[in-house]
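Hi,

Here is the structure I promised to pass on. Have a look at it first, and then read my notes below.

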Amino acid sequence: MKRYWPAELAAQALRREDVTAMFGLLGGHINPIQDFAYRTGIEIFQVRHEQAAVHAADGYARVTGRPGVAFATAGPGMTNTVTAMHMAYGAHSPVVLLLGGHKLREEGRDTAQEADAQSVLASVTKSFRRVTMPEQADLFIKQAFREAMTYPYGPVAIEFPVDTFNFEPIAATDQLGYVDRGAPVGRPPRSAGDAEGVAKAFRILSEAERPVVIGGDGVHWDGAAEELQRFVERFAVPTNLRRHARGAIPESHPLAVPSAVRKGVLADADAVMLLGLHLNYFEGFGDWKSDARFIQVSRHPSDVGVNLPTDVEITGDVRSVLGQLNALAQDLPARGSTPWSTEVGARTAAWREQRDAETEKHRDPERRIHPTVFSEELCAALPQGMPVVLDSFTASGYVVQHIDPVQTGQVMDAGLSAAFGHGVGMAIGASVGRGYTPVVSVLGDGGAGLGGGDIETAVRYGVPAVFIVYNNSALCGGLEKYAYGEDYAVLGPNARGGFDVTRDMPYEKMWELIGCHAELVTAPGELPAALERALASGRTAVVNVLSDRDATPGLYETHHARDMFWHLPADEVQAPARSRHHEQLYERFHDGRKLAEDLLGGEG
């Protein structure tokens with residue numbers, strides 16, 4: 001009977017799961033599986049850092065809806081994946097991470113690259129398996145893919161100690177639970193909601209005068225866009241779409257509600273249906289000021305916000321539940337517009353007019369490009385449906401206000417991780433997942449610095465990603481004038497440039513040397529043509545946009561940023577931060593007490 005190296009059998013198991021691409025970085029402990037993956041015909045992408053490998057697998061998963069596969073060696077290779085696994089975990093992205101492991105026979109003896117991978121990755125994975133016998137590999141690989149695709153989706157990891165897979169050959173039939181054929185993992189089966197609950201939700205929405213729909217990531221993962229558009233148009237329901245759900249109906253649709261308008265709309269609504277929306281930090285944990293009747297729909301009960309007073313809770317995939325609601329409404333006439341939808345549309349139009357006026361105010365040909373102008377020009381020039389990865393601390397918040405996605409999953413970012421450095425790897429994976437079609441990734445100085453080494457990876461493999469660097473020469477835009485003072489004086493004599501980086505880094509020249517198409521943008525009006533040339537080149541491209549150093553992200557003015565500034569001395573901090581955070585937000589969150597009174601021990 002023919003015998004195989006266990007790593008070869010593991011690679012065959014990956015092929016049976018329809019794995020066609022893997023992203024990783026070689027290392028002695030993972031090389032057996034990596035090498036046989038090459039030999040089975042899987043497309044292998046060798047990156048410069050394991051973090052980029054997982055980001056690429058994450059991007060691949062987000063655009064395909066199938067598990068993305070990454071690999072890394074033991075010890076430092078494994079630890080280098082943690083940030084990216086954390087990002088995938090927060091985004092519910094189905095990633096399968098294959099890890100080399102130190103030798104079982106040498107465990108506890110300070111062997112090379114020894115580490116307890118399960119403990120390190122425990123909080124950022126849905127499941128972790130360590131293969132201690134070569135016969136377990138096929139079984140554990142099949143289980144890993146199915147666990148990643150069990151809703152809520154998420155990253156999983158399997159560790160392969162190298163002496164388990166490079167010690168002696170075994171027969172294929174020796175594997176536990178082995179079958180010589182089998183179907184690859186598919187999407188979870190569609191599951192309709194409880195008929196009684198759906199009927200009650202239908203009644204609430206039918207009787208409501210001011211209904212609202214808020215769609216979350218579940219709209220994307222459940223493929224619910226078509227059913228959602230049918231529903232909201234029949235009922236004329238104003239609809240706010242969040243994160244991966246954006247694009248299920250175009251942002252230019254008359255029923256689309258921008259997130260900047262949502263707060264007031266939500267406060268006035270009398271019925272709100274949440275579709276696949278996880279009530280996390282981005283949603284204020286659902287602690288909303290609203291007297292509306294709430295309906296929550298999700299494929300899994302863990303996505304339901306139990307702190308939100310809810311009239312109807314439906315467990316089912318979003319597409320099926322919307323299909324049930326549409327079936328109940330099929331004999332009813334479409335509402336067309338209503339006074340409520342007209343009113344919300346007017347609020348949206350007013351916000352857009354204000355946004356556009358603000359953009360024009362900052363369009364000054366004599367100054368560096370402001371982030372709102374950058375975003376308007378970028379989004380106007382993007383081809384329809386172009387995937388966009390956001391990895392810029394300052395620019396991202398402006399881009400999301402201007403972009404008009406037309407399909408779910410089109411806009412990708414760090415999500416709850418709020419990290420940076422993912423823009424390069426994620427763009428590579430997204431492009432590969434879409435058949436090497438172009439992807440635009442917006443980087444900041446931080447993202448370019450942390451992940452920029454893998455632009456070479458994109459060049460090496462011919463990935464036509466366009467990396468647009470919003471270059472404001474800082475890690476956090478505008479902090480000098482907003483809070484810290486000239487030369488970051490609040491930090492004292494050892495500030496040494498504070499949070500700035502080298503001024504006007506020539507990013508386009510750095511990567512032009514290795515074959516990138518390069519563009520430099522120095523003034524408003526230049527970006528659209530530069531982007532057009534970059535996309536037309538068909539190559540990996542870098543567009544370096546020299547930007548306004550003093551422009552700040554909108555985050556600074558929100559209560560979410562209060563902890564960034566309260567500790568700064570009120571008599572030294574700059575006026576914008578002092579006024580907003582020391583004099584306004586501190587008192588609001590401390591029962592009217594002034595910050596000075598608390599610091600001096602006074603009574604408020």
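**What I found**

Let me start with a single residue: threonine 348 sits in helix 14, which covers residues 339-361. Keep in mind that this is a predicted model. Is threonine 348 buried or exposed? With a relative accessible area of 3%, threonine 348 falls under the 20% cut-off, so it counts as buried. If you set aside the neighbours within four places in sequence, threonine 348 is in contact with Ala256, Val257, Pro258 and Val261.

Aspartate 571 is a case for the other end of the scale. You'll find aspartate 571 in the loop that connects helix 23 (562-565) and helix 24 (575-589). Its relative accessible area is 68%, so aspartate 571 is exposed. Aspartate 571 and valine 490 are 81 residues apart along the chain, and 9.9 Å separates their C-alpha atoms.

Next, a helix pair. Helix 9 (residues 195-207) packs with helix 13 (residues 318-329) at an angle of about 60 degrees, and the axes are 10 Å apart. That angle makes helix 9 oblique to helix 13. As for handedness, the crossing of helix 9 and helix 13 is right-handed. Which residues meet here? Helix 9 brings Val198, Ala199 and Phe202, and helix 13 brings Val321, Gln324, Leu325, Leu328 and Ala329. By type, the residues of this contact split into 7 nonpolar, 1 polar and no charged.

Now the sheets, beginning with the one that has strand 2 in it. This open sheet has 6 strands in the order 3-2-4-5-7-6, with parallel pairing. Strand 3 (43-46) and strand 6 (127-130) are at the edges; each has a single partner strand, so one side of each has no neighbour in the sheet. On average, and ignoring direction, neighbouring strands of this sheet are turned by 20 degrees against each other. Strand 2 (residues 21-24) pairs in the parallel sense with strand 4 (residues 68-72) over 2 bridges. Glycine 24 has phenylalanine 71 in strand 4 as its bridge partner. Helix 3 (residues 50-64) packs on this sheet and touches strand 2, strand 4 and strand 5 (95-101). The direction of helix 3 makes about 170 degrees with that of strand 4.

There is another open sheet of 6 strands, with the order 15-14-16-17-19-18 and parallel pairing. Which strands stand at its edges? They are strand 15 (411-412) and strand 18 (517-521), each with a single partner strand, so one side of each is left without a neighbour.

Inside this sheet, strand 14 and strand 15 run parallel and are joined by 2 bridges, with valine 388 partnered by valine 411 in strand 15. The side chains of a regular strand alternate between the two faces of the sheet. In strand 14, Val388 and Leu390 point one way while Val389 and Asp391 point the other way, and all are buried. Further along, strand 17 (residues 465-471) and strand 19 (residues 541-546) pair in the parallel sense over 6 bridges, and valine 469 stands opposite asparagine 544 in strand 19.

Helix 17 (residues 423-433) lies across strand 14 (388-391), strand 15, strand 16 (439-443) and strand 17. Relative to strand 16, helix 17 runs at about 175 degrees.

Cheers

How values were computed. Residues are numbered from 1 along each chain as its sequence is written. This is a predicted model: local features need pLDDT of at least 70, side-chain atom pairs count only at pLDDT 80 or more; totals for chains, interfaces and linings use all residues. Side-chain values use heavy atoms; hydrogens and water are left out. Axes are lines fitted to C-alpha atoms, for helices over the stretch in contact, and angles run from 0 to 180 degrees between N-to-C directions. Helices (H or I, at least four residues) and strands (E, at least two) are DSSP runs, numbered from the N terminus. Angles under 35 degrees count as roughly parallel, over 145 as roughly antiparallel, 65 to 115 as roughly perpendicular and the rest as oblique. A crossing is left-handed if the near helix is turned anticlockwise from the far one by less than a right angle, and right-handed if clockwise. Contact means heavy atoms within 4.5 Å. Ala, Val, Leu, Ile, Met, Phe, Trp, Tyr, Cys and Pro count as nonpolar, Asp, Glu, Lys and Arg as charged, and the others, Gly among them, as polar. Buried means under 20% relative accessible area, exposed over 50%, partly exposed in between (1.4 Å probe, protein chains only). Two strands pair if DSSP finds at least two bridges between them.
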